[in-house]
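Here are some notes to read alongside the model. They are set out as numbered points, each on one topic.

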Amino acid sequence: MQRFKNILCVVNTERNDMSALEHAAKLAANNQARLTVIEVIDEIPPDTKLFERVMSPVDLQEKIVKECQNKLEEKILPWSKKIEVKYKVLTGIVFLEVIYEVLRNDHDLVFKLAESSGLLDQVFGSDDMHLLRKCPCPVWLVKSNSPKSYQKILAAVDADDTYPLEEMTTRHLLNIQILEMASSLALSESAELDIVHVWEAIGEGAMRFGFINKPEDEINVYVEEIRKKQNNNLNILMSEITDKLGRDALTYISPKMHSLKGHPRIGVPEFAVKINADLVVMGTVARTGLPGYFMGNTAESILNQLSCSVLTIKPPEFITPVI
């Protein structure tokens, strides 16, 4: 099972909502992991004249940092007696400082409270979206209305086998990571686990409504063949994860598998709503060979429609563009 050992939690002490910190502390306790809590504040330009009559920019920055440290210490107090918790205040741009902190200290998971009431709300320039695209380790965005204990976890996988060989390998490894993490969390949270694979019958639309003239029965036979193939792909993936995690663990979790016809960018969010998922675990892989693209369009579209918490995972070979 996936076990996190060095967790980073990003908080904003100006907000009363400490949902992300609560989940991070709980997971750290369950995994006997280290937890570092940080707050990132704006840097005061050294040449600013606004406060020069009161104190220098350097002194003001030090005062603000100290106040934030005091607030952080107060916030972590309930958990510091149970687990190892460190805290620090950083200055700069939030997503950059978070990624630098991950790189410096080899954190294996980042927790953060989602920025908007509709999870990102298509604000692609937000710190959340930058982290989803560029953070080298998994990112867990916690909704402000997230329950303290998750009841329903949804793992979204892509078991399609029509990608180029190199990309197939990447996506397969990503699927294994998704299922390992989702299974581990389902055990930890005593939650129900649903696994969904949404697939398409390529060319069906052109056959039914386009320029390709095919009899209806032939189209139906073709779609049924694709359905059986996709179901088989999902069963093979589940067989591999069963061997990897152990049959006893998977039997205890008893995940429900769903192979659904449709487009992932529509099917995954709709299914998450249908089962009332508390957390969606998914990958954010981009197509190989497209430099500068750090998250696929489908993943981005899905994320912008989810109203629950999300745990996003990147493939093992991902290298952050932030240096």
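**Notes on the predicted model**

1. A place to start is one pair of facing residues: Leu 154 is opposite Asp 194, a residue of β7. The model is a predicted one. The two strands concerned, β6 and β7 (residues 192-199), run parallel and are paired over six bridges.

2. How much of β6 is buried? Six of its six residues are, so the strand counts as mostly covered. On one side these are Lys 152, Leu 154 and Ala 156, and on the other Ile 153, Ala 155 and Val 157, which leaves both faces of β6 covered.

3. The wider setting is an open sheet of ten strands with mixed pairing. Its order reads β3-β2-β1-β4-β5-β10-β9-β6-β7-β8. The strands at the edges, each paired on one side only, are β3 (85-91) and β8 (256-261). From one strand to the next, the twist averages 20°.

4. Antiparallel pairing is found between β5 (residues 139-142) and β10 (residues 309-313), which three bridges join. Within this pairing, Leu 141 has Val 310 of β10 as its bridge partner. Strands of a sheet pair through backbone hydrogen bonds, and they may do so in either the parallel or the antiparallel sense.

5. Which strands does helix α1 touch? The helix, residues 19-31, packs on the sheet and touches β1 (6-10), β2 (34-41), β4 (109-113) and β5. Its direction makes about 150° with that of β4.

6. The largest nonpolar core has 53 residues. The members that touch the most others are Ile 7, Cys 9, Leu 35, Val 37, Phe 111, Trp 140 and Ile 153. Helix α5 (residues 165-189) supplies the largest share of this core, with eight residues. Another core lies apart from it and has 36 residues, including Val 110, Cys 135, Leu 154 and Ala 299.

7. Leu 35 merits a separate look for its contacts. Leaving out residues up to four places away in sequence, Leu 35 touches Ile 7, Cys 9, Leu 21, Ala 24, Ala 25, Ala 28, Ile 83, Glu 84, Val 85 and Lys 86.

8. There are two aromatic pairs. One is formed by Phe 111 and Trp 140, which are stacked with 4.6 Å centre to centre and 25° between the planes. This pair links distant parts of the chain, as Phe 111 belongs to strand β4 and Trp 140 to strand β5, 29 residues apart. Both Phe 111 and Trp 140 are buried.

9. Why is the pair of Trp 140 and Tyr 150 stacked? The ring centres are 6.0 Å apart and the planes stand at 20°, which is under the 30 degrees that sets the limit for stacking, so the pair qualifies. Trp 140 is in strand β5 and Tyr 150 in the loop between β5 and β6 (152-157), ten residues apart. Trp 140 counts as buried because its relative accessibility is 2%, and Tyr 150 counts as buried because its value is 0%. Phe 111, Trp 140 and Tyr 150 form one aromatic cluster.

10. Two contacts between a charge and a ring complete the notes. Arg 171 has its charged end over the ring of Tyr 163, 4.1 Å from the ring centre. The charged end of Lys 314 sits over the ring of Phe 318, 5.5 Å from the centre of that ring.

Terms used. Residues numbered from 1 in each chain as written. Predicted model: local features only at pLDDT ≥ 70, side-chain atom pairs only at ≥ 80, totals over all residues. Heavy atoms only, no water. Pairing = 2+ DSSP bridges. Helix = DSSP H or I, 4+ residues; strand = E, 2+ residues; numbered from the N terminus. Axes fitted to C-alpha atoms, helices over the stretch in contact; angles between N-to-C directions. Contact = heavy atoms within 4.5 Å. Core = buried A, V, L, I, M, F, W, Y, C linked by side-chain atoms within 4.5 Å. Buried < 20%, exposed > 50% of the residue type's maximum accessible area, 1.4 Å probe, protein only. Phe/Tyr/Trp six-rings, centres within 6.5 Å; stacked < 30°, edge-to-face > 60°. Lys NZ or Arg CZ within 6 Å of the ring centre and 35° of its normal.
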